[in-house]
Amino acid sequence: MQEGVYRKLEEVEGRYEELERLLASPDVIKDITLYQRYAKEHAELREVVELFRRLRRIEQELAEDKALLEDEDEEVRRMAKEEIARLSRERDEVERELKVALLPRDPNDERNVILEIRAGTGGEEAALFAADLFRMYAKYAERKGWKVEILSQHPTGVGGFKEIIALINGRGAYSRLKYESGVHRVQRVPITESQGRIHTSAVTVAVLPEAEEVEVEIDPKDLRIDVFRASGPGGQHVNTTDSAVRITHIPTGIVVSCQDERSQHKNRAKAMKILLARLMELKRREQEERIAAQRRSQVGTGDRSERIRTYNFPQSRVTDHRIGLTLYCLQEVLEGDLDEIIDALVAHHQAEALKRAALS
């Protein structure tokens with residue numbers, strides 16, 4: 001490992017040990033805000049420090065085994081060679097893990113997610129597949145122990161969704177789902193197709209980190225808030241009160257509507273949650289464009305114009321076009337078994353980040 005990286009790791013370890021002392025200090029323990037800040041930083045450094053200490057132990061064992069290569073006993077030398085080979089492989093793996101751990105972290109990784117799914121080309125079939133994708137993500141969230149709350153929905157008559165927006169609440173939700181943004185294509189025979197022809201439809205998925213109000217400043221004068229009578233299914237109260245809310249952010253033209261709740265206050269709160277997430281996403285995208293458009297890899301940019309994945313029902317095939325991954329387990333994926341795909345995307349993203357770090 002390069003000397004500069006080694007020095008950086010020693011500095012990280014020093015800060016980690018300093019944080020351990022601070023967390024044991026009575027003055028820090030009394031200050032809840034300070035204690036939480038130090039505890040969070042301590043937790044963030046733990047993986048790197050543990051890997052670094054493991055690397056040093058391996059290097060110490062390697063030095064001891066190399067010394068045994070000079071031993072007069074042939075059996076001792078043979079065993080030392082075997083140990084050196086094993087430890088060398090282990091060292092290489094730990095060094096790789098350390099390089100990944102030292103990569104700049106996405107500050108949004110631990111956030112909750114605003115998931116937006118919209119039917120694209122394909123009419124009713126696209127709306128039906130939008131419902132399938134929402135169910136897939138809901139099942140995945142269930143596997144992870146996350147909670148799903150529907151914020152807004154526009155159902156169709158046969159069980160599909162023109163649009164559905166949900167909050168997925170769980171630690172690390174964004175770190176796992178951020179690669180899902182983009183156009184998802186489905187190839188299958190629609191239920192409305194009488195001649196058995198395969199149709200291709202598309203659904204757009206957007207994954208936004210949930211924003212805190214303090215992160216996005218909104219001048220109340222920049223908002224136009226309209227209330228109106230909700231329409232569609234939902235019982236007698238839906239159509240008799242002006243409970244639906246439409247919020248327009250005048251500077252950007254972003255419009256958010258919510259009518260799922262009977263209470264105007266609750267609909268307004270949900271609409272503001274969606275608006276904040278969209279404004280934060282807009283802010284992030286503008287910043288990315290300013291900093292380095294040429295350095296963004298296709299994976300993880302969240303570019304919704306990109307076709308990222310195809311779900312082929314006749315062949316029970318799922319293909320992620322960004323990394324050339326094809327799996328023949330469509331039903332399992334639609335039941336929320338997404339980890340193999342997401343793990344591959346994470347690994348690819350890390351590999352690309354390591355290449356950029358080596359070139360910079």
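Strands 2 and 3 make a hairpin, with five residues lying between them. In the turn sits glycine 159, whose phi is positive at about 100°. This is a predicted model, so the details here are those of a prediction. The two arms of the hairpin, strand 2 (residues 147-155) and strand 3 (residues 161-169), run antiparallel and are joined by eight bridges. At the turn end of the ladder, one facing pair is proline 155 and phenylalanine 161, the latter in strand 3.

The hairpin belongs to an open sheet of eight strands, ordered 2-3-1-5-4-9-10-11, with mixed pairing. Its edges are taken by strand 2 and strand 11 (325-327); each has a single partner strand, so one side of each is left without a neighbour in the sheet. On average, neighbouring strands here are turned by 15° against each other, ignoring direction. Over at the strand 11 edge, strand 10 (residues 317-320) pairs with strand 11 in the antiparallel sense, and three bridges hold the match. Valine 318 faces leucine 327 of strand 11 across this ladder.

Just ahead of strand 10 comes a small backbone oddity. Serine 316 lies in the loop between strand 9 (307-312) and strand 10, and it has a positive phi of about 50° despite not being a glycine. With a relative accessible area of 28%, serine 316 counts as partly exposed.

There is also an open sheet of three strands, in the order 6-7-8, and its pairing is antiparallel. Strand 6 (223-228) and strand 8 (254-258) are the edge strands; each has a single partner strand, so one side of each lacks a neighbour in the sheet. Neighbouring strands in this sheet are likewise turned by 15° against each other on average, direction ignored. Strand 7 (residues 244-249) and strand 8 are linked by five bridges and run antiparallel. Within that ladder, histidine 249 stands opposite isoleucine 254 of strand 8.

Back before the hairpin, helix 5 (residues 124-144) has 21 residues, and at 1.5 Å a residue it should span 30 Å; the C-alpha atoms at its ends are 31 Å apart, which agrees. The helix is followed by glycine 145, another residue with a positive phi, in this case near 80°.

Helix 5 also turns up in the aromatic contacts, of which the model has four pairs. In one of them, the rings of phenylalanine 134 and phenylalanine 161 have centres 6.4 Å apart and planes at 75°; that angle is over 60°, so the pair is edge-to-face. It ties together distant parts of the chain, since phenylalanine 134 is in helix 5 and phenylalanine 161 is in strand 3, 27 residues apart. Both phenylalanine 134 and phenylalanine 161 are buried. Tyrosine 140 and tryptophan 146 make another edge-to-face pair, at 5.8 Å centre to centre and with 80° between the planes. Tyrosine 140 is buried, at 1% relative accessibility, and tryptophan 146 also counts as buried, at 10%.

Taken as a whole, the protein chain has nine helices and eleven strands. Of its 360 residues, 40% are buried. Among contacts with a separation of 6 or more, 61% are between residues 24 or more positions apart. The chain exposes about 20200 Å², and carbon and sulfur atoms supply 48% of that area.

Notes: Residues numbered from 1 in each chain as written. Predicted model: local features only at pLDDT ≥ 70, side-chain atom pairs only at ≥ 80, totals over all residues. Heavy atoms only, no water. Helix = DSSP H or I, 4+ residues; strand = E, 2+ residues; numbered from the N terminus. Expected span 1.5 Å × (residues − 1). Pairing = 2+ DSSP bridges. Axes fitted to C-alpha atoms, helices over the stretch in contact; angles between N-to-C directions. Buried < 20%, exposed > 50% of the residue type's maximum accessible area, 1.4 Å probe, protein only. Contact = heavy atoms within 4.5 Å. Areas by Shrake-Rupley, 256 points an atom, 1.4 Å probe, with all protein chains shown as cover. Phe/Tyr/Trp six-rings, centres within 6.5 Å; stacked < 30°, edge-to-face > 60°.
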